[in-house]
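New notebook page. I want to look up one residue first, then its surroundings, then the chain as a whole.

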Amino acid sequence: MSLYDSTITPPLVINFNSKDRVQGSNSSFLSEPVDLGNNKFDSVCLVQASLPKSFYNMPSGFNTFTLKENATSVTVTIPVGSYTRINLQSVLATKLTAISPNALTYTVSYPVSTVADTFHYTFTVNSSVIAVQFIFASTSPYRQLGFEIATYTFTAGVGSSTLESVNSLNLSYILRAFIKTNLVIDATDGILEEVLNFGSYPSSSVVHYQQYNFDMNTRRYNTSSTNSWLFSLVDAFDQLIDLNGIPWAFSVVFYQRNKTHELQKTELMINNEERLFKIEQEQKRIEEQLSAKPTTTSETEPTSTAPEGLQAPLPPQAPSINDFTPLYPVVPFGITTQFLPKTE
């Protein structure tokens, strides 16, 4: 059975591209007006999408955190760009040392190949008397560095203090992508589709999404909207994904959902209700017949000869042994009639 009803309204596939926008950016844009004609669409579904993985894992606006030494606080700014574990380790040590209010020296280490890999950075400063803290806000690269939104204090040792990441480093940064739009209604946060495998692609590649389950991933079409819609590409934290000037493209199918299967389901339910009603009526008819049937005494049923005052007849007497006639009489041993004279 077809998912759509094309008797009056055939499906229509529309291609969108962030470069062909009326306003906005590649991350969030208003599409060009689309002529849908007089078709009575009620459903939409993403057909396919090409999403460039051109974002940085240290993007602008999310690349700063606070370094506090005793009562003095400074802002550490990591240059915008895409980093690996090795070059980020070097950049962090250089930036922290250069910006230290007390001219302290910072080093950043990672487990060597001869020990277990914890996926953690260990920050070390050459002072045990100065209280050192890292303060991460919601716009800080806390995920990349293995921390949470919180304040972390270095642990003082002999001549130095250390701080180890509490979580694994996350330089993939964005693992899932969401396409949000006002094209749909009754969808959580206006999500047209979710791309779960976004983080499995390498940097500078193109993530291709292909729809395989149109029925499950169909959304209700927002008929109250105009013929120009807002589309946004966000991560799991609802932050816009900066594609650094690279456009992304996708296609959406507009169609009228087929109601035939719903009509058949309704008809089956009605037929089943009628069948159950007939069964119930037949059961009531049988019960009424049984309750109305008079009780009769069988002619062969023995009558009660119980004396007056007794509640039940006396049990019948046990039969005498003389009342039984053997089918095959047994002649006693030693008795014979073989030699008796025959009677004429």
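Entry one. I looked up D235: it is buried (under 20% relative accessible area with a 1.4 Å probe, protein chains only) yet has no salt bridge. The nearest side chain of opposite charge is R143, 4.1 Å away. A salt bridge needs a side-chain nitrogen of Lys or Arg within 4 Å of a carboxyl oxygen of Asp or Glu. For charge, Lys and Arg count as positive and Asp and Glu as negative, with His and the chain ends not counted.

A note on the source: this is a predicted model, where local features need pLDDT of at least 70, side-chain atom pairs count only at pLDDT 80 or more, and totals for chains, interfaces and linings use all residues. Residues are numbered from 1 along each chain as its sequence is written, and side-chain values use heavy atoms, leaving out hydrogens and water.

Entry two. Where does D235 sit? I found D235 in the loop between β18 (230–234) and β19 (249–255). Strands here are DSSP runs of E, at least two residues, and helices are runs of H or I, at least four, numbered from the N terminus.

Entry three. I checked what D235 touches. A polar atom of its side chain lies 2.9 Å from the backbone nitrogen of F237. Beyond its neighbours within four places in sequence, D235 is in contact (heavy atoms within 4.5 Å) with R143, I174, R176, F178 and I241.

Entry four. I zoomed out. The protein chain has three helices and 19 strands, and 33% of its 344 residues count as buried.

Technical notes: Buried means under 20% relative accessible area, exposed over 50%, partly exposed in between (1.4 Å probe, protein chains only). A polar contact is a pair of N or O atoms within 3.5 Å; within protein, one must be able to donate a hydrogen and the other to accept it, and residues adjacent in sequence count only if both atoms are side-chain atoms.
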